[in-house]
Amino acid sequence: MIDERKRKRMLSNRESARRSRIRKQRHLDDLINQEAQLKNQNGNIAMQINLVTQKHTKVEAENAILRAQVSELTERVRSVNSVLHFFEGVSGMTIDTPKMPDPLLKPWQLPSAAQPIMANADIFQL
């Protein structure tokens, strides 16, 4: 009777240990799969960061060019306004010359065309 209980207990323990090893192996396999997925996601995110960084660098360069052009054009308009003011003083005629805002201090007040700014959703695609 006691030997029978020992034998049953031993078999039960072996089966429990086998199930435990199987669970442990499944858990290890799951962790290995999760690691592979995370490495893949990390690689994709790194590529997206590189693309966004390249786009940012390109936009910064374009902005620098546009700022230089705005500065040059503003200076040209000021020069024309100066000539008009001189002509106004000499001729006695009144000429309406718009006041030029400082483009670097208040870029939102730059004189612009009445056209709306059109955005493209593709610029946000990675």
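**Exercise 1. Determine whether Lys 39 is buried or exposed, and describe its salt bridge with Glu 35.**

Lys 39 counts as exposed, at 57% relative accessibility, where exposed means over 50% relative accessible area, buried under 20% and partly exposed in between, with a 1.4 Å probe and protein chains only. Its partner Glu 35 is partly exposed at 40%. The side chains of Lys 39 and Glu 35 form a salt bridge with an N to O distance of 3.3 Å, the term being used for a side-chain nitrogen of Lys or Arg within 4 Å of a carboxyl oxygen of Asp or Glu. As for the spacing along the chain, Lys 39 and Glu 35 are four residues apart in helix H1, so about one helical turn separates them.

Before continuing, note that this is a predicted model, in which local features need pLDDT of at least 70 and side-chain atom pairs count only at pLDDT 80 or more, while totals for chains, interfaces and linings use all residues. Residues are numbered from 1 along each chain as its sequence is written, and side-chain values use heavy atoms, with hydrogens and water left out.

**Exercise 2. State how many salt bridges the structure holds, and work through the ones formed by Glu 15 with Arg 19 and by Arg 76 with Glu 72.**

The structure holds five salt bridges. In one of them, the side chains of Glu 15 and Arg 19 meet at 3.8 Å, N to O. These two residues lie four apart in helix H1, which spans residues 2–91, and are therefore separated by about one helical turn. Glu 15 is partly exposed at 29% relative accessibility, and Arg 19 is also partly exposed, at 41%.

In another, the closest N and O atoms of Arg 76 and Glu 72 are 2.7 Å apart. Because Arg 76 and Glu 72 are four residues apart in helix H1, about one helical turn lies between them. Salt bridges with shared partners also join Glu 15, Arg 18 and Arg 19 into one network.

**Exercise 3. Establish how many helices and strands the protein has, what share of its residues is buried, and what area it exposes.**

The protein has one helix and zero strands, both being DSSP runs numbered from the N terminus, with helices (H or I) of at least four residues and strands (E) of at least two. Of the 126 residues in the protein, 5% are buried. The protein exposes about 11,700 Å², of which carbon and sulfur atoms supply 59%; accessible areas come from the Shrake-Rupley method with a 1.4 Å probe, and for residues only the protein chains shown count as cover.
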